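Work through the exercises below with the sequence and the model open. Try each task before you read its solution.

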Amino acid sequence: MRVVISAGGTGGHIYPALAIINKIKEHEPESTFLYIGTHNRMEKEIVPKEGIPFEAIEIYGIYRKKIYKNIKTLICYVKSGRTCKRLLKEFQPDIVIGVGGYVTAPVIKAAHKLGIKTFIHEQNSVPGASNVYLSKIVDRIGVSLQSSMKEFPKEKCVFTGNPCGEGAKNAPAIDKKELHLDPKKKLVLFVMGSLGSQKMNDILSKTMSLFKNKPYEVLYVTGKSYYEEVKKQTFPSNVKVVPYVENLPRVMKQTDVMVTRAGASTLSEIIALELPAILIPSPYVTNNHQYKNAMDLVGANAAVMVQEKDLHGDILVRKIDGLLKNEQQIRSIRTNLRGLGKKDSAEVIYREIKKLISKG
């Protein structure tokens, strides 16, 4: 199979794309890939390290406040469309896959114009602007959450789940000793997204002192951008601070409660691993989509939510203590998470892609 795949901006788009690539390789090891991403976002670092051929295009999202900047956005969009057409003609893919982010728009549109089969995947409860736009021209649409199916043409849509969940399920659990953690103590994991968060690190740095003398341990992942500043502070002995954790699901498998944002990929891993979580959705994302993602779980009694504006005093400590002491609530959350998941997501997506290609 010859595959062009595009996704960009954040790990929430990039890692599902890599999961799809890995599933295709599992079934068809001789497959060849071309990844088209942005020239200035994290995919340009992550994807080449995976040994996947990468082409960058200069493209920007729509500026909602600085309208004048959209002139450059429009010019780059037109230029990138021409570049994508050239790349697709040279590569001759069987299918072109978009996994979110504004970079996918010119890639999928070029494929459509060239008569190449197309598939897009939406991770969030509220679809991104690019996927809403592309839904009119693509052949098939996969969604992570059933609540977002109503946002797309019914005849094109299929509930696939998020392929990151399948990867999380298959990841081996880490040995706690690798992180200098006590295997006999419960673990609370704090992670605020692949890029970290200045506001949340300011809040969490102050919160950590409240975990002194607690009978559990805390692993606080700051994000690489904020670690140097955070580590200057003094923390209780049961709080371990790290900038980043490679293959986070390995740690999640050893975690008793996770405190995190409500990005789509993280939620898919929480669902797959049936991990009790306290969700703090970012209020700074487009269409407040993290809040709506979180509500999909909260509405099913499958997670606890605290909004950022409510993070005062010891509210997080009380929520964590309450969960850890309430075994019945923990069991209920795990059961409810089990009902939300699609455990073979990448496999479902692979089958949908094969169907499209076989139609010619």
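## Exercise 1: Two residues with positive phi

Asn 301 counts as exposed, because its relative accessibility is 54%. The cut-offs are these: buried means under 20% relative accessible area, exposed over 50%, and partly exposed in between, with a 1.4 Å probe and protein chains only. The model is predicted, so local features need pLDDT of at least 70, side-chain atom pairs count only at pLDDT 80 or more, and totals for chains, interfaces and linings use all residues. Residues are numbered from 1 along each chain as its sequence is written, and side-chain values use heavy atoms, with hydrogens and water left out.

Task: Where does Asn 301 lie, and what is the sign of its phi?

Solution.
- Step 1. Find the place. Asn 301 sits in the loop between α11 (289–298) and β13. Helices (H or I, at least four residues) and strands (E, at least two) are DSSP runs, numbered from the N terminus.
- Step 2. Read the angle. The phi of Asn 301 is positive, about 55°, although Asn 301 is not a glycine.
- Step 3. Recall the background. Most residues other than glycine have a negative phi.

Task: Is Glu 274 buried or exposed?

Solution.
- Step 1. Locate Glu 274. It is in the loop between α10 and β12 (277–279).
- Step 2. Check the angle. Glu 274 follows α10 and has a positive phi, near 55°.
- Step 3. Apply the cut-off. Glu 274 counts as buried because its relative accessibility is 13%.
- Step 4. Look back at the helix. In α10, 10 of its 10 residues are buried. Among them are Leu 267, Ile 270 and Leu 273.

## Exercise 2: The whole chain

Task: How many helices and strands does the protein chain have?

Solution.
- Step 1. Count the elements. There are 14 helices and 13 strands.
- Step 2. Take the extent. The C-alpha trace spans about 65 × 45 × 35 Å along its principal axes.
- Step 3. Test against a globule. A compact globule of 360 residues would have a radius of gyration near 21 Å, and the protein chain has 21 Å, so the two agree. The radius is taken over C-alpha atoms, and the globule rule is 2.2 Å times the number of residues to the power 0.38.
- Step 4. Judge the cover. Buried residues make up 54% of the 360 residues.
- Step 5. Look at the contacts, meaning heavy atoms within 4.5 Å. Of those with a separation of 6 or more, 61% join residues 24 or more positions apart.

## Exercise 3: Two contact lists

Task: Which residues does Phe 190 contact, leaving aside its neighbours within four places in sequence?

Solution.
- Step 1. Place Phe 190 in strand β8 (residues 187–191).
- Step 2. Check its cover. Phe 190 is buried, because its relative accessible area is 0%.
- Step 3. List the contacts. They are Leu 204, Met 208, Phe 211, Val 218, Leu 219, Tyr 220, Val 221, Val 259, Leu 316 and Ile 320.
- Step 4. Take one partner. Val 221 is 31 residues from Phe 190 in sequence, and their C-alpha atoms are 5.9 Å apart.

Task: Which residues does Thr 73 contact by that rule?

Solution.
- Step 1. Find Thr 73 in helix α3 (residues 70–91).
- Step 2. Thr 73 is buried, since its relative accessible area is 6%.
- Step 3. Its contacts are Tyr 60, Gly 61, Ile 62 and Tyr 63.

## Exercise 4: Salt bridges

Task: How many salt bridges are there?

Solution.
- Step 1. Set the rule. A side-chain nitrogen of Lys or Arg must be within 4 Å of a carboxyl oxygen of Asp or Glu.
- Step 2. Count. The rule gives 19 salt bridges.

Task: Which parts of the chain does the pair Glu 308 and Arg 261 link?

Solution.
- Step 1. Check the distance. The closest N and O atoms of Glu 308 and Arg 261 are 2.8 Å apart.
- Step 2. Place both ends. Glu 308 is in the loop between β13 (304–305) and α12 (315–325), and Arg 261 is in the loop between β11 (257–260) and α10 (264–273), 47 residues apart.
- Step 3. Test the cover. Glu 308 is buried, because its relative accessible area is 8%. Arg 261 is buried too, at 5%.
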